[in-house]
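Biologist: Could you show me how to read a helix and a cavity in a model, taking the general idea before the particular case?

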Amino acid sequence: MRTLECDVDEAWIDVNDHMNAQYYGILVYRAHAAFTEMIGLGDDYVHTTGFGKMVVQGAMTYEREVRRGARLAVDSWLLGLDAKRLHFFHELRVLETGVRAAAFEQLDLHVDLGTRRTAPMPPEVVARLEHFSAQQCAAGRPDGVGRTIQLPRN
């Protein structure tokens with residue numbers, strides 16, 4: 001699902017004449033916030049229920065540099081979930097070439113904002129999101145899911 005499109009801002013360009021790494025994360029965060037709204041766990045959900053979600057694990061893989069003047073898009077997946085956890089994946093692409101510039105995988109926990117502890121999502125929310133996730137994943141999962149950081153073996 002397309003969750004963000006934007007042009008590279010001139011202020012994001014660093015001394016290496018490409019987009020600074022911090023802006024990859026900012027764009028993915030903005031896309032994740034938009035995706036959260038799209039799947040019904042955004043601001044209205046928080047204000048109505050007193051529940052929200054928090055990121056507990058994330059990994060960004062920078063695959064290609066992004067240059068001045070590029071137009072970017074982020075596509076997002078809900079790869080899976082259980083009563084308290086949601087597994088997300090985001091791809092940042094350069095629209096002109098279709099090349100993936102970065103991938104970000106993250107795990108969010110569903111929390112009771114009164115107690116600040118994990119709490120199960122309502123069963124109807126779980127059922128709706130499981131259906132949505134299954135539909136998304138039926139079209140194919142993105143490359144790179146489950147990657148970890150490892151040093152090369154000598």
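Modeller: What follows takes a helix and then a cavity, and the model we are reading is a predicted one.

Biologist: How many residues does helix α3 have, and what does it reach from its first C-alpha to its last?

Modeller: Helix α3, residues 123-138, has 16 residues and reaches 22 Å between those two atoms, which is close to the 22 Å expected at 1.5 Å a residue. After α3 comes G140, whose phi is positive, near 115 degrees.

Biologist: Which residues of α3 are buried, and which are exposed?

Modeller: Counting as buried whatever has under 20% relative accessible area, the buried residues of α3 are V125, V126, L129, F132, S133, Q136 and C137. They lie on the same side of α3, because the arc they cover around the axis is only 135 degrees. P123, E124, H131, Q135 and A138 are exposed on the other side of α3.

Biologist: What covers the buried residues of α3?

Modeller: The cover includes the helices α1 (21-38) and α2 (43-49), together with the strands β3 (71-81) and β4 (85-94).

Biologist: How is empty space found, and what lines the largest cavity here?

Modeller: Rolling a probe the size of a water molecule over the atoms shows where empty space is left. This structure holds one cavity of 30 Å³ or more, and the largest cavity has a volume of about 60 Å³. Its lining consists of A59, T61, F89, A103, F104, E105, G144 and R147, with β2 (51-62) and β5 (100-112) as the elements that give two or more residues. The largest share, three residues, comes from β5, and the lining as a whole divides into four nonpolar, two polar and two charged residues.

Key. Residues numbered from 1 in each chain as written. Predicted model: local features only at pLDDT ≥ 70, side-chain atom pairs only at ≥ 80, totals over all residues. Heavy atoms only, no water. Helix = DSSP H or I, 4+ residues; strand = E, 2+ residues; numbered from the N terminus. Expected span 1.5 Å × (residues − 1). Buried < 20%, exposed > 50% of the residue type's maximum accessible area, 1.4 Å probe, protein only. Arc of directions from axis to C-beta. Contact = heavy atoms within 4.5 Å. 1 Å grid on protein atoms, 1.4 Å probe; cavity = no way out; pocket = protein on both sides within 12 Å on 5 of 7 lines; lining within 4 Å. Points joined across faces, edges and corners; volume = space filled by probe spheres on them. Nonpolar A, V, L, I, M, F, W, Y, C, P; charged D, E, K, R; others polar.
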